[in-house]
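Okay everyone, thanks for squeezing me in. Have a look at the picture first, and then I'll walk you through a few spots.

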Amino acid sequence: MSENEGIKEELQSGSEKEKMPLLPLRGVVVFPNMVIPLMVGRPRSMAALEKSMVENKLIMLAAQKNEGVDEPEPDDIFRAGTVAEIKQLIKLPDGSIKIIIEGLQRARIETIDDQEELFEVEVSRIEDIEETGDDMEALMRLVTDYFEDIVKNSKRIPHEVMMTISNIEEGGRLADILITHLNLKVEEQQSILEAVSARERLERLFNLLEREREILTAERRIESRIKQQVEKTQKEYYLREQLKAIKEELDSEEEDDEELAEYREKMEQALLPEEVREKVEKELERLGNMPAMSAEAVVVRNYLDCVLELPWQKEGTDRLDIEIADRILEEDHYALEDVKERILEYLAVRQLSPDLKSPIICLVGAPGVGKTSLARSVARALEKEFLRISLGGVRDEAEIRGHRRTYVGSRPGRIINAMRNAGVKNPLFLLDEVDKMSTDFRGDPSSALLEVLDPEQNYEFSDHYLEMPFDLSRVMFITTANVEHTIPPALLDRMEVIHLPGYTMEEKLEIARRHLIPRQLQEHALSENRFSIDDAALRALIREYTREAGVRTLERKLAALMRKAARAIVEKNVNTTCITAENLKDYLGPPLYRREEERDQSRVGVATGMAYTETGGDLLDIEVAVVPGSGELILTGKLGDVMKESAQAAMSYARSRQKHLGLPGDFHDKKDVHIHVPQGAVPKDGPSAGITIALALISALAEQAIPGDVALSGELTLRGRVLSVGGIKNKVLAAHRSGIRKIVLPGENEPQLEEIPADIRQEMEIKLVEHMDQVLTMLEKREE
């Protein structure tokens, strides 16, 4: 039977039908004799109210089956509802309407006229069916008793309600009033509204009251259990306080329990500073007054463990013997003279001044040049404890400074944790990849490092977890980075930067003989009798299978050769594998890099530039094409803003020197210039390609060839001046590796040429220029 059929059967025959507007309700059911305020904001609902006010102020109220529907259809509305009278209507500033209505009588919707502006319904009023007798009286009393029990145990229902319902004699009205004070679902309220018979209404209400009473009983049971637990904790605290007072009163000298005694013993052994000692005493006193298994006691124990394990006074003995340090550094690394010299200078000054603050060194160089291994070698030479933290990708300040103890799961930062593991206050601390930190909403870790790497501040480094200053002034910090420009200037200013350039062919050859080959032989369980590679093969391996500033790829290629040798020994019983330049490609395949033949030829509109990247030096061809057009400058090759500006400056220079250079007079009006830098997927930026772009541009416009064996680097101004650039050594080494023997550099970079190995300088023809005219003149002579 449907929801409306039961009502229909109980309708009195001959009930008259009335027409009135319909107000669909969301999340509420209105009963007869109920006065309630409502907020109305939907356009159709407001139109219904306005029509009702114009007519007789009567309106049909019916609940929606789904309160989430904003624009209900007729099928979304219950057919049973209440005819109500609008007592008051107030229009609010936001356009909505507040009304106060009074429910008059149950009614049933016969038809719904879904008009454009509102719903108009035809309704039949339903007369309540009241019953009398002993059974009805008993049911009313039972319902009233249950409701009274709920009122006594509920904080939501005011006790004054009982005075109101005590004077009600009609069972139907009693049910309607009680239902409004219960927290029921819309469907449950609707079932009471649909019941025409007072008896049926009370029986349904009784079932709901019985369930509500069971829920309240469960709530009281849970509340009582929680209260008992709280009282137990309070009782334990009270008894502990009493015990403490008794001990003080009797001047008891009983020993602390075993845990506190153990902490006090550690405290004596740690030789803590006075400030730290006082802090630890307070924490021990707190721990003694806490329940052993409380969460706060665990936090205090972790804190005490951290503080007592830190090396507040313990200091290791540094080995200051310069000869031994020099020998160890030479054993571990070939070349890198600048770093070795700086370490030996530090040892010399330490012998004269034992209290000298440790240097803070930043090693900047391409991947694979030995920055991290060099720091480890320095620690071995000085007999220092070695600690390493990788900062790549770190974006949370708490990684450096730690978390405050108020947070759940708080812990000290990486610096304090590492010092705790070191056990001495003067280790060598390597902060790796310092140029790859980032920043987000959790803070800036590079700003936190300012205090760590400042000798004037790090003697009282503040970690949020410790809440006490810790002395880092005896720590020797070494940081590593691939490039300088991503390091914040304030942080860079606190460090002594030492550049580690790429290795030359001869240096790589020596490193392979001294370090890489012996290490790989050991890892692959091979001996020199079973595997060998001659110098010609090594040179070919470096030249044709690697193109890097460091030696990582070289070591991987050597490992590949040894793996193939090991397989030949196991499968074919080969006793010895000898790698030569002739059979190298049999093991590693065709060469990956070859000297570009077109560099031996002169080219129009193509110039070779030298670049400095995170992986060291590199060469870039810059191509220019001039095509008919309207004077547009097209730049491609994923160029950065600075490089684009260099191209625009080169274009302006060419236009300003148009007559002197013999360029077509209308090229900037009738020609489009397209400048492209190959390897378009690789981002490129910087001002050092200025003279290279200008040379390629003028070559294309004048149709004059550029020698292919020349590489250039220099910033160009609008007046044609050539300004200095960085990374000179890495650029020259990259050109040398690629077979270039003639290079053009700014005259201001002449001092940096001393950094280039003498044998490389002798092989290279280096032309220093001050003005772009010198570049053009020199190239014209070369072309002739």
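Before the helices, a bit of vocabulary: axes are lines fitted to C-alpha atoms, for helices over the stretch in contact, and angles run from 0 to 180 degrees between N-to-C directions. Helices here are DSSP runs of H or I with at least four residues, strands are E runs of at least two, and both are numbered from the N terminus. Also, this is a predicted model, where local features need pLDDT of at least 70 and side-chain atom pairs count only at pLDDT 80 or more, while totals for chains, interfaces and linings use all residues. Residues are numbered from 1 along each chain as its sequence is written, and side-chain values use heavy atoms, with hydrogens and water left out.

So, helix pairs. Helix H19 (residues 535-545) packs with helix H20 (residues 552-572) at an angle of about 120°, and their axes are 10 Å apart. That makes H19 oblique to H20. For the labels, angles under 35 degrees are roughly parallel, over 145 roughly antiparallel, 65 to 115 roughly perpendicular, and the rest oblique. The crossing of H19 and H20 is right-handed, meaning the near helix is turned clockwise from the far one by less than a right angle; anticlockwise would be left-handed.

What about H11 and H12, which way do they run relative to each other? Helix H11 (residues 322-332) and helix H12 (residues 337-352) have axes that come within 10 Å and cross at roughly 160°, so the two are roughly antiparallel. Their crossing is right-handed.

Next, salt bridges: a side-chain nitrogen of Lys or Arg within 4 Å of a carboxyl oxygen of Asp or Glu. How many does a search of the whole structure find? It finds 47 salt bridges.

Take Arg 26 and Asp 70, whose closest N and O atoms are 2.7 Å apart. Arg 26 sits in the loop between strand S1 (17-25) and strand S2 (35-40), and Asp 70 in the loop between strand S3 (58-63) and strand S4 (80-91), so this pair ties together parts that are 44 residues apart in sequence. Are they buried or exposed? Somewhere in the middle: Arg 26 is partly exposed at 38% relative accessible area, and Asp 70 is partly exposed at 49%. The cut-offs are under 20% for buried and over 50% for exposed, with partly exposed in between (1.4 Å probe, protein chains only).

Back to H19 for a moment. Arg 513 forms a salt bridge with Asp 535, the closest N and O atoms being 2.9 Å apart. This pair links distant parts of the chain, with Arg 513 in helix H18 (residues 505-523) and Asp 535 in helix H19, 22 residues apart. Arg 513 is partly exposed at 33%, and so is Asp 535, at 39%.

H20 has a salt bridge too: Arg 567 with Glu 571, closest N and O atoms 3.1 Å apart. They are 4 residues apart in helix H20, which means about one helical turn separates them. Both Arg 567 and Glu 571 are exposed. Elsewhere, salt bridges that share partners join Lys 279, Glu 283, Arg 286, Glu 296, Arg 405 and Glu 467 into one network.

Last stop: Lys 98, in strand S5 (residues 97-114). Lys 98 is partly exposed, at 35% relative accessible area. Its C-alpha atom is separated by 48 Å from that of Thr 406, 308 residues away along the chain.
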